[in-house]
Amino acid sequence: MNRVSTGLKSRNRRPATWLRSLYRWLPDHVDARVRLIGWLSLAGQLLLVASGGAVRLTGSGLGCPTWPKCTADSLTTTPEMGIHGIIEFGNRMLTFVLTIIVILAFLFVMRMRAKRPDLFWLTFWLGMSIPVQAVVGGFTVLFRLNPYMVGVHFVLSIVLTIVTTVLVCRIHTTPSARVLAVPPWFAWAAWIMAAFAMITVLVGILTTGSGPHAGDADTLRTGFDTEFMEHIHALPAYITAGFTLLLVGASIGLAVGPVRRFLALLVVVEVLQIGVGLLQANTGLPGILVGTHMVLSALLMSAVTAVLVNLTQPVEAPEGATSRTSGAVASTSA
């Protein structure tokens, strides 16, 4: 009897020992695993934008006509659904890949939640976003690709791209109080630039919603005149570019290395975005260019976010950046 009791206790201790070993294996500080999972999170969001664009631009939006199943009788795509079913189902499966990445990201920062609450809450909200994104995608299908629902789905992807960009930036920074590293007017100009960048993306969504790429031949459009919307879309885009050039010029005389580097990246993205936008508008909106424009929109907001995050720097910043507002601790939610 004692042997049986001892054996049961031994078996019961094994799962607990295994869990303790797993917990000790998790990082207790930012290491290569945390940095890798952060970058994978950002890459996954950008890939989801590209995948969603492929669904829409190949007319595969209703390749799986129901949700959460692909068809009324099958969870997965069937041969009868053809290539459109494969493309749409592949886009749905990408959500599961992102779910795994986000769960790993959350686990990798769990042990450091006391000293890095910023990373903990960023990964927590990324995790909460997965079911929200899935449900919005489901309603998009159930509403037969209503252009406004499609737009909401894209906005959510942009928001998640912004959050994962903040996560990557925070992973690569010192965990301490932060101070403004630029003059106040520079920070205001950067936030105004960011506002116009977001307006550009939102008007771009309405512009695409009025165009020919609906995701399905029978899907209704917004009814707006596409050519008129293209001109409206261009206005905030050029204002964004103007503010970006202003910030680039102003940053030359400031000790703001990270900000200057991300502004340079932003200029590259904006040049590509404007170039692709003009080209697609003058070549009949070919799908490949529209898809490229969508991915560049996500990259645009990612670069803008990186600029905003780096307007503040840790108090112990090694680069010795001068602060025009020393003593005024900035919010860590930049």
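Here is a short tour of the chain, stop by stop, for you to follow in your viewer.

You're looking at a predicted model, where local features need pLDDT of at least 70, side-chain atom pairs count only at pLDDT 80 or more, and totals for chains, interfaces and linings use all residues. Numbering runs from 1 along each chain as its sequence is written, and side-chain values use heavy atoms, with hydrogens and water left out.

**Whole chain.** Switch on the cartoon: there are nine helices and three strands, in the order α-α-α-α-α-β-α-α-α-α-β-β from the N terminus. These are DSSP runs numbered from the N terminus, helices being H or I with at least four residues and strands E with at least two. Now try a surface: about 16,900 Å² is accessible, with 72% of that belonging to carbon and sulfur atoms (Shrake-Rupley method, 1.4 Å probe; for residues, only the protein chains shown count as cover). Of the 334 residues, 45% count as buried, meaning under 20% relative accessible area, with exposed over 50% and partly exposed in between (1.4 Å probe, protein chains only).

**Helix α4.** Select residues 117-142. This helix has 26 residues and reaches 38 Å from first C-alpha to last, close to the 38 Å expected at 1.5 Å a residue (the expected span is 1.5 Å times one less than the number of residues). Centre on S129, where α4 bends by about 25°, with P131 following within four residues; the bend is the angle between axes fitted to the seven residues ending there and the seven starting there.

**Off the end of α4.** Step to F143, in the loop between α4 and α5; F143 counts as partly exposed because its relative accessibility is 48%. Add W67, V135, F139 and L142, and together with F143 you have a nonpolar surface patch with about 460 Å² of accessible area. Then pick R144, just after α4, which takes a positive phi of about 60°.

**T173.** Next, go to the loop between α5 (147-171) and β1 (178-180), where T173 sits. T173 is at 19% relative accessibility, so T173 counts as buried. Leaving aside neighbours within four places in sequence, show its contacts: R116, R178 and P314 (contact means heavy atoms within 4.5 Å).

**A194.** Last stop: helix α6 (residues 184-210), home of A194, which counts as buried at 9% relative accessibility. Which residues does A194 touch, not counting those up to four places away in sequence? Select M301, V304 and L308. A194 and M301 are 107 residues apart in sequence, yet 8.0 Å apart in space, C-alpha to C-alpha.

Terms used:
Patch = residues over 30% accessible without salt bridge, like charges linked within 9 Å, V, L, I, M, F, W, Y side chains within 5 Å. Salt bridge = Lys/Arg side-chain N within 4 Å of Asp/Glu carboxyl O.
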